[in-house]
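Thanks for asking me to look this over with you. Please keep the viewer open and find each residue as you read.

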Amino acid sequence: MKDNIFLKIDGLAAGYGRKLLIEDISLELEKGQILTLIGPNGSGKSTILKTITRQLKAIDGIVTIDGSDIFRMHSKELARQMSVVLTQRIETELMTCRDVVAMGRYPYTDYFGRLSDEDNRIVESSLKRVHALELADVSFNEISDGQRQRIMLARAICQQPDVMILDEPTSYLDIRHKVILLDILRNMSHEDGITVIMSLHEIDLAGKISDMLMCVDENHTVRLGTAREIFANDTIQKLYGIEGGSYDAVTGGVELAKPCGRPDILVIGGNGSGIPVYRKLQRKGIPFYAGVLYENDIDYRVAKALAADVISQKAFMPVSKDTEEKAYEVLNRVSAVVDCGCEHGEYDRINTELLKEAVRLGKKYNDIGSIERMW
Amino acid sequence: MEKKRIIRYGAAFISLAVLFVIILIASINTGSVHISVMEIINILLKRTGEEAAAYSIIWKIRLPRLLMAAVLGGALALSGYLMQTFFRNPIAGPYVLGISSGAKMVLAVVTIIWSGHIASMPVSLNVLTSFAGSMLCMLFVLFFAGKVKSMATLLVVGVMIGNICSAVTDFMINFANEAQIVNLTHWSLGTFSGASWPNLKVASVLILVTFILTFLTAKPMSAYQLGEDYAKSMGINIKIFRIILITLASMLSACVTAFAGPIAFVGIAVPHITKLLFGTAKPIVMIPAVTMCGSIFCMACDLIARTALAPSELSIGTVTSVIGAPIVIWLMVGRKHER
C-alpha cells in the first residue's frame, strides 16, 4: 500500500434512508489530487457527494481523511477539514461578497463569530485566490452567476479545508467562467494541497483537470480510472447511453445522429474543409460518403461520426491500392460529388484525380445548394 | 469598510436611544392631564410630589403601560425577525402566520372555562396557555411550509389559520358572560391598557431571558442565513438549531399575546425598517437593533392609539395595521422582480 494516501474511501454504500443506490465504492487519493465524478443525471453522483459530506447517512463503509474516520468526527471538527460548494443557489440579504466569504471562517471564530485580524487576512487572500478582490464590497445579489460561483469557492477556500467537495460547480456558467473556475481549482489543489472531489457535466473538461475519474452509470455501477483509461474506446458513449449521436473522447466533441439511408453523394474534403459540409448534410438528413481522408485529418473524426462510410487511409502512409479502388468504386456509384474546396497536394493526389474524374462524368458540384436545385 | 460599518451601527444605535427617550417623555407628557417636562423629570428621577395627582398618573397608569408597550413591542419585532430567518421569507411574522391568533384562541377558550377575567387569571397560566396556542399553530404552519415552498402560499396558509382561530375565538365568546365579552373583545384586538407593574415584571423577565438566549444563537443564525446545507457543512446541528429558533420565536410571540392580545404587522414592518436603517441583516446587530426599533415603534403606535381620537382610545392593533400592512404590500411587490 502506498503511504502517501490522504483520503480513503472503503466499501462505501450510499442511498436515501434505507434505500441503497450505490455500493462498494473504494478509492484512495493523495493530498492535492482531484477526483471527478461523471455520469448521466440521476446516476447518483450527488448521492455519493452528499454521503461524503455527511448530508446523507452512509449505509455502509468508511471514509477517512488523514487516517481519521469522518463519520465519527464531531461536526465542528469535520468543518475544519472539509468544505463544500453546493449546486443550490443561495439567497442573501444585504451581504457583501466579503461577508459571504467570511462565513467560511465560521469553524474558527469565537462564540459571537467575531473575525480576528488573522481571519480578515485569510478572507482577503481567499478573495485574491479566485480573482475577486474587486468584488469584495459589492452586494452578493448584484453579481453574475459566474462571479457568484467564484465567491462560493472563495468561501470554501476560506474554511481552510484539507478536502473540498464541489457538486457541479460549473453548472449555469458560460465557457469562459467554467475555464476560470477549473483553473482556480487546479491551482488550489496544486499549491495548497487541497484534495478535491467534485462532479462535472463537462466530460472533456473533467478529463483535462482530474487525476482520477469516477464514472457512475444509470445502473449505479461505478468505474474508476485515469482520464486515459476512461476515455479509451466508447466508455463515455455507453456511460451516457448516447444512441444515434456520438461523443468523441479525443476532441470532446459531440455529434448528432448520422442520417440513415443509402448514400448517393461523395464529399471530398480534407484539412477541415469537410466539417461544415458534413454538418449541413446531417442537418438536412442526407446520407453521404466522405472521402479520401487521412486518419489524422481534422475532418476524419467528424466524418467518422456523420458519414455513412468514410474512405480513409492510415496516417503517414501513401494511399494504398485498396483505398484507391474503393474510392473509384464509390465515385461510380454516387450521382454527385461535392468538392469542399480543399487544396489537395502531393500526398493526396488521389483526391485531385477523383475530382477530375467527377468533372468528366458531369457529377462535380461545388456546394450542396446546387445539388439540391438539381433534384 | 469595517470601520465605516461600525460607525454606521454606532450612529444608528445612538439615534434609536435618543428617539426612545424622546418618545418616552412625549408619551408620558401626553394625555387628558397635562404634565410638564420638568415635572416629569422630577417625578421620575427625584420621585418628588408623591401626594400630587400627576405622580399617581405617571407611576400607576402611564409608565407601566408605556414600558409594557416597549417590552412587548421589542419582543414582537424580534419574534418576527426570527420567523423571517427561519422561513427565509420576508413577510413571515407571528400575526401573518396565524401564530398570534392561535395563542388568542387557546387563551380565550381557557379564560372562558376559567370563567373569569383575563386579568384575574394567574399570569403564569396566561403565558403558558398562550405559548401552547402559539406552538400549536406553529406546528400547523411548519407542516404546510414543508409541503409548499412558495412565499405567497405560506402567507395564505397563515392567513387561513389565523382566520380559523379568530372564528373559533368569536364562537367561544358567545358562551362567555357579558363582562367577559367586553373584556375579551377589547383584548382580542390588542391593547396595552390595563398594564400593571406585576404583569410588567413577569413580561420583562420572560422576554429578557428569551432575548439573551436569542442573542446567544446569533452566530449559528448567521450561518443559517446561507442555507441549511451550508450551515450544516460549517458544523451546525440543523435539527436542534431549528427547534431552538422556532421555540424562541413562539415564546416571544406568546408573551405578547398573553399580555396585550394579538398585535398585527409589527413583526414584519419593524425588522425591515431596521434592516434599512442599519444596512445589514447580520443577526448579531439585528437582534438588539430589531428589539429597540420594536420598542420605539410600539410606543409610538400606542401614543397614536391614545391621542388620535382622544378621549376615546383606538386599539393598538388598528394603528399597527394601518402602518404595517402597506409595508407588507410594498415588500410583496418589491420582491417580485428580484427573482
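The points below go through the chain interface, then a pocket, then a cavity.

1. Before anything else, please remember that this is a predicted model. Every value below was computed from it.

2. Let's start where the two chains meet. On one side, 30 residues of chain A are in contact with 27 residues of chain B. Together the two chains bury about 2,600 Å² between them, and 57% of that area is on carbon and sulfur atoms. Which residues of chain A lose the most area to chain B? They are Glu93(A), Tyr106(A) and Phe112(A), which together account for 26% of what that side buries.

3. Next, look at the charged and polar links across this interface. The rule finds 3 salt bridges between chain A and chain B. In a salt bridge worth finding in your viewer, the side chain of Lys275(B) meets that of Glu93(A), at 2.9 Å from N to O. Glu93(A) was also named above, among the residues of chain A that lose the most area to chain B. In addition, 10 residue pairs are in polar contact across the interface, with both residues at pLDDT 80 or more.

4. What does the side of chain A that touches chain B consist of, by class? It has 14 nonpolar, 8 polar and 8 charged residues. Helix 2 (75–81), strand 6 (82–85) and helix 5 (145–158) of chain A each supply at least two residues of that side.

5. Now turn to the second largest pocket, which holds about 780 Å³ of space. Its lining has 32 residues, and those nearest the centre are Gly113(A), Arg114(A), Leu115(A), Glu2(B) and Lys282(B). At least two lining residues come from each of helix 3 (97–102) and helix 4 (117–129) of chain A, and likewise from each of helix 1 (2–29), helix 9 (218–224) and helix 13 (283–307) of chain B. Helix 1 of chain B gives the most, with 6 residues. Sorted by class, the lining of this pocket has 15 nonpolar, 7 polar and 10 charged residues.

6. Finally, how many cavities of 30 Å³ or more does the structure hold? There is 1, and about 170 Å³ of space lies in it. The cavity is lined by 15 residues, with Thr87(A), Gln88(A), Arg89(A), Arg148(A) and Gln149(A) nearest its centre. Helix 5 of chain A provides the largest share of this lining, 4 residues. You met helix 5 of chain A earlier, as one of the elements supplying the side that touches chain B. By class, the cavity lining divides into 7 nonpolar, 4 polar and 4 charged residues.

Terms used. Residues are numbered from 1 along each chain as its sequence is written. Chains are lettered from A and ligands numbered from 1 in the order in which they are written. This is a predicted model: local features need pLDDT of at least 70, side-chain atom pairs count only at pLDDT 80 or more; totals for chains, interfaces and linings use all residues. Side-chain values use heavy atoms; hydrogens and water are left out. On a 1 Å grid over the protein atoms alone, a cavity is a set of points where a 1.4 Å probe fits but cannot get out, and a pocket is an open set with protein on both sides within 12 Å along at least five of seven lines; lining residues have an atom within 4 Å of a point. Grid points are joined across faces, edges and corners, and a volume is the space filled by probe spheres set on the points. Ala, Val, Leu, Ile, Met, Phe, Trp, Tyr, Cys and Pro count as nonpolar, Asp, Glu, Lys and Arg as charged, and the others, Gly among them, as polar. Contact means heavy atoms within 4.5 Å. Buried area is the accessible area (1.4 Å probe) that two parts lose on being put together, summed over both. A salt bridge is a side-chain nitrogen of Lys or Arg within 4 Å of a carboxyl oxygen of Asp or Glu. A polar contact is a pair of N or O atoms within 3.5 Å; within protein, one must be able to donate a hydrogen and the other to accept it, and residues adjacent in sequence count only if both atoms are side-chain atoms.
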